[in-house]
Amino acid sequence: RQASWENIMANQIEKSPYRPLSWVTRFSYAFPAMALAVIGIPVYVYLPKFYSDTMGISISTVGMLLMAVRIFDALTDPVIGYASDKISTRFGRRKPFIAIGAAGLSISILFLFIPPVSSGTNLTFYFGFWLFILFLFWTLITIPYESLGPELTTHYHERTTLFGLRDGFLIGGTLLAASFPVLIDQALEMLNQQSSENLRFSIMAYVYAPMILLSSVICIWKVKEVLVYPNVRKDLFFQGLADVIKNRPFVILIIAYTISAFGSNLPATLILYYVEYVLQADHAEGFLLIYFITGIIFLPFWVGISKKIGKKNAWIISMIINTGAFTGVYFLGPGDVELYGILVFVSGIGFGAGLALPSSIQADVIDYDELMSGQRREGRYIGLWSISKKMAAAFGIGIGLLLLGSTGYQPNVAQDIKTVDMLRVLYALVPSICNG
């Protein structure tokens, strides 16, 4: 069945006129991925530890709020996807959502990253409220933005190039976010000012919010949205989702991706805890830099090899490399910093492929749906894809932090053996099993 739909799409592409995208269009479309990525690391990696260890909210409460907001976030995804499929304006289907989402997301970052001097219930409510608002606007921009990509080109291999460039910008933004706290500390040291977590997050907010607005304006201005008018026939929300689920190649793809995503969210959230309490080392940001730089360097390699052996085979090989290296992290302990750095590097070789190739395959199965149904329904596909990604993240992060809290985790002190063992299992073993 897999070979069948790939052959259908290849034959369809052979018959279709091909007009390559300009590099201005490609870069303008890819640029917002960097801005959206720079808030990913703070929200998923730094924010939980900031609100638990610095602001004083219990780690279990942080875990439950993160799980709840990701479930809420996942439920809004198909609604936004459906709306961006059905709307018709003179600006296009996707651009109005991108504009509103960018404005709301920028404001939310300022409030969430710069909390008031507070504690107890008031602080917990503040954190939860702005966390929900941030994820709502994040969905409002992300789903239409990602839905815009498959519409820009129908060419099988140019999609891999386009999404490779977009995800290269995404990795670059993640790299910037990982290194930015270190850059902030160095700048403050040069100015003879004392660094603190609150100051770091304030500076990040004042840099990231304008970056999101600027990149979105460039995308809206320079990328010409393909005018696709909604189908006039009655297409109810749940019926449309049911039709999407009938697309067997998409179902196979999303199941594989969801299992992998469940595990891959744990290391992102737990790396600061793992480095400090298992390796008993500092500067986790340095290992993030190794991982993301390696991903950027090897991304063109995966784009090239996918053209020779196919996207699916290249993706499988990248997961084998990533998982094979990361399994070794489970066996590390205090002082194994150099070995950990080597394993992070090897694991990073497959990182970029895990971003770009599933996105490119996803665009192909959306074309398959159009071939079968005669409709363009990117928003609903991206919405369901995002549900899968965010539900996996919700339960991965939420359950992970709850389990960590159940072992008696206490911030800023040496952890007992139960907590350390739980960290090793959640950080290294569970992700490796999921990718396997």
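The legends below describe close-up views of a predicted model.

**View 1. The whole chain is helical, with no strands.**
The protein chain holds 16 helices and zero strands. It has 436 residues, and 56% of them count as buried. Contacts across the sequence dominate: among those with a separation of 6 or more, 85% join residues 24 or more positions apart. The accessible surface comes to about 18,300 Å². Carbon and sulfur atoms account for 67% of that surface.

**View 2. Tyr51, Phe113 and Tyr340 sit in the largest nonpolar core.**
This core has 94 residues. Tyr51, Phe113 and Tyr340 touch the most other members. Helix 6 (residues 120-152) supplies the largest share of the core, 12 residues. A second core is separate and has 19 residues. Its members include Trp302, Ala353, Ile366 and Tyr381. In soluble globular proteins, nonpolar side chains tend to be buried together.

**View 3. Tyr51 and its contacts.**
Neighbours within four places in sequence are left aside here. Tyr51 then contacts Gly56, Ile57 and Val62, among others. The list also includes Leu112, Pro115 and Leu123. Tyr126 and Phe127 are contacts too. Phe127 appears again in a ring cluster: ring pairs link Phe50, Tyr51, Phe113, Phe127 and Phe201. Tyr51 and Phe113 from this cluster are also among the residues that touch the most other members of the largest core.

**View 4. Phe292 and Phe351 form a tilted ring pair.**
The model has 24 aromatic pairs. In this one, the ring centres lie 5.5 Å apart. The planes meet at 55°. A stacked pair needs planes under 30 degrees apart and an edge-to-face pair over 60, so an angle of 55° makes this pair tilted. Phe292 belongs to helix 11 (residues 284-309) and Phe351 to helix 14 (residues 351-373). The two residues are 59 residues apart, and their pairing links distant parts of the chain. Both Phe292 and Phe351 are buried.

**View 5. Ser347 is buried in helix 13.**
Helix 13 covers residues 337-349 and contains Ser347. The relative accessibility of Ser347 is 1%. Buried means under 20%, so Ser347 counts as buried at that value. Which residues does Ser347 touch, not counting those up to four places away in sequence? They are Tyr291, Asn322, Ala325 and Phe326.

**View 6. Arg200 forms salt bridges with Asp185 and Glu197.**
The closest N and O atoms of Arg200 and Asp185 are 2.8 Å apart. For Glu197 and Arg200, the corresponding distance is 2.1 Å. The two partners sit in separate settings. Asp185 is in helix 7 (residues 156-190), while Arg200 is in helix 8 (residues 197-222). Arg200 and Asp185 are 15 residues apart, and the pair links distant parts of the chain. Glu197 and Arg200 are both in helix 8, three residues apart, so about one helical turn separates them. Arg200 is buried, with a relative accessible area of 15%. Asp185 is partly exposed at 25%, and Glu197 is partly exposed at 31%.

**View 7. Arg424 and Asp421 meet in a salt bridge within helix 16.**
The N to O distance is 3.3 Å. Helix 16 spans residues 417-435. Arg424 and Asp421 are three residues apart in it, about one turn of the helix. Arg424 is buried, at 16% relative accessible area. Asp421 is partly exposed, at 32% relative accessibility. The structure holds five salt bridges. Elsewhere, Lys49, Asp53 and Glu276 are linked in a network of salt bridges.

**View 8. Ile107, Leu110, Phe111 and Tyr206 make a nonpolar surface patch.**
The patch covers about 390 Å². Which helix gives the most to the nonpolar patch? Helix 5 (residues 95-113) does, with three residues. Phe111 lies in helix 5. Its relative accessible area is 37%, and Phe111 is partly exposed.

Key
Residues are numbered from 1 along each chain as its sequence is written. This is a predicted model: local features need pLDDT of at least 70, side-chain atom pairs count only at pLDDT 80 or more; totals for chains, interfaces and linings use all residues. Side-chain values use heavy atoms; hydrogens and water are left out. Helices (H or I, at least four residues) and strands (E, at least two) are DSSP runs, numbered from the N terminus. Buried means under 20% relative accessible area, exposed over 50%, partly exposed in between (1.4 Å probe, protein chains only). Contact means heavy atoms within 4.5 Å. Patches are made of residues with over 30% relative accessible area and no salt bridge: like charges are joined within 9 Å, nonpolar side chains (Val, Leu, Ile, Met, Phe, Trp, Tyr) within 5 Å. Accessible areas come from the Shrake-Rupley method with a 1.4 Å probe; for residues, only the protein chains shown count as cover. A salt bridge is a side-chain nitrogen of Lys or Arg within 4 Å of a carboxyl oxygen of Asp or Glu. A nonpolar core is a set of buried Ala, Val, Leu, Ile, Met, Phe, Trp, Tyr and Cys residues joined through side-chain atoms within 4.5 Å. Rings of Phe, Tyr and Trp (its six-membered ring) pair if their centres lie within 6.5 Å; planes under 30 degrees apart count as stacked, over 60 as edge-to-face and the rest as tilted.
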